[in-house]
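Here are some notes to read alongside the structure, written for someone opening it for the first time. Take the points in order and keep the 3D view at hand.

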Amino acid sequence: MRSTRPDAGRVLVVEDEPALLRALQINLRARGYVVATAAAGSEALAEAAQRPPDAVLLDLGLPDTDGTEVIRQLRTWSQTPVIVLSGRTGSGDKISALDAGADDYVTKPFSMEELMARLRAALRREPLLAPGPEFTIGSCLVDLATHKVSRVAGSDGEPVHLTRTEWRILEILLRSEGQLVPASRLLAEVWGPAAVDSTHYLRFHMARLRRKLEEDPPRPRHLLTEPGMGYRYQP
Ligand code: CA
């Protein structure tokens, strides 16, 4: 049995700071990734179309276009995981990047180890699921087998799209129906063991899940917080 794969995956790095681009390239290659680079949004989209990457690391502040626009265009044809490298202090850009379809983000300056852990998590394959029951959250029907959210007959509303990160969190909660799931378990399963203290990731993504699925997001009835402990899916 082979312990390491010769090719851990193709990663497209989009970054206009030459020093950071170089550091990312060296670190990724050292871990067995095949690396493609782009220093601008148009170049990134052309490269992604020509040789579809297994994951994208994307700077938001690019010389020709906003990184968020790159995600939007990429998402019209590709579901490849995108991790945003955000150099901006406000959370607004991260939120619009996640809304556009990014899976995760790190804020500059970030630790290379942390970024690599996020990348591994993003590349981890979804386990194959046996067809299971649908779960109801407000007017949404969540099907874990097909990864689809539909609306209960008779209700209206926007179609719901969940990111890979959101699906992972939701899946763990739904499969533990009615039980408290400790925040540390969610963090370890979704982001890796190094992230067990990063409860702000979880708060951020839980708020997004509620906005997408709960009828009254500030007063959730199904995706509940147990303060200081974790989260619970209440059917
Ligand atoms: Ca930049």
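1. Is aspartate 59 buried or exposed? Please keep in mind as you look that this is a predicted model. Aspartate 59 has a relative accessible area of 4%, and it counts as buried because the cut-off for that label is under 20%.

2. Aspartate 59 is also a good way into the metal site. The calcium ion is coordinated by Asp16 and Asp59 through OD atoms and by Gly61 through its O atom, at 2.2 to 2.4 Å. Along the sequence these donor residues follow the spacing D-x42-D-x1-G. Glycine 61 has a relative accessibility of 31%, so it is classed as partly exposed, whereas aspartate 59 is buried.

3. Next, have a look at threonine 65. You will find threonine 65 in the loop that runs between strand S3 (55-59) and helix H3 (67-74). Its relative accessibility is 24%, so threonine 65 counts as partly exposed. Setting aside neighbours within four places in sequence, threonine 65 is in contact with Gly41, Leu60 and Val70. To get a feeling for distances in the model, jump from threonine 65 to proline 235: these two are 170 residues apart in sequence, and their C-alpha atoms are 43 Å apart in space.

4. A backbone detail is worth a stop too. Which residues does a cis peptide bond join? They are lysine 108 and proline 109, with omega at about -5°. Proline 109 belongs to the loop between strand S5 (104-107) and helix H5 (112-123).

5. Now for the rings. How many aromatic pairs does the structure hold? There are three, among them tyrosine 105 with phenylalanine 204, an edge-to-face pair with 5.6 Å centre to centre and 70° between the planes. This pair links distant parts of the chain, since tyrosine 105 sits in strand S5 and phenylalanine 204 in helix H8, 99 residues apart. Tyrosine 105, at 10% relative accessibility, counts as buried, and phenylalanine 204, at 16%, is buried as well.

6. Another of the aromatic pairs is formed by tryptophan 191 and tyrosine 201; it is tilted, with 5.3 Å centre to centre and 45° between the planes. Here too the pair links distant parts of the chain: tryptophan 191 is in helix H7 (residues 183-191) and tyrosine 201 in helix H8, 10 residues apart. Tryptophan 191 is buried, having a relative accessible area of 3%, and tyrosine 201 is buried at 7% relative accessibility.

7. Finally, please spend a moment on glutamate 214, found in the loop between helix H8 (199-213) and strand S10 (223-226). What is the nearest side chain of opposite charge to glutamate 214? That is arginine 210, 5.3 Å away, and glutamate 214 is buried yet has no salt bridge. The cut-off for a salt bridge is 4 Å.

8. What, then, lies around glutamate 214? A polar atom of its side chain lies 2.8 Å from the backbone nitrogen of histidine 222, and the backbone nitrogen of leucine 223 is 2.7 Å from a polar atom of that side chain. Leaving out neighbours within four places in sequence, the contacts of glutamate 214 are Ile137, Leu209, Pro220, Arg221, His222 and Leu223.

Methods: Residues are numbered from 1 along each chain as its sequence is written. This is a predicted model: local features need pLDDT of at least 70, side-chain atom pairs count only at pLDDT 80 or more; totals for chains, interfaces and linings use all residues. Side-chain values use heavy atoms; hydrogens and water are left out. Donors are N, O and S atoms within 2.8 Å of the metal (3.2 Å for Na, K and Ca); water is not among the atoms, so sites may look incomplete. Buried means under 20% relative accessible area, exposed over 50%, partly exposed in between (1.4 Å probe, protein chains only). Helices (H or I, at least four residues) and strands (E, at least two) are DSSP runs, numbered from the N terminus. Lys and Arg count as positive and Asp and Glu as negative; His and the chain ends are not counted. A polar contact is a pair of N or O atoms within 3.5 Å; within protein, one must be able to donate a hydrogen and the other to accept it, and residues adjacent in sequence count only if both atoms are side-chain atoms. Contact means heavy atoms within 4.5 Å. Rings of Phe, Tyr and Trp (its six-membered ring) pair if their centres lie within 6.5 Å; planes under 30 degrees apart count as stacked, over 60 as edge-to-face and the rest as tilted.
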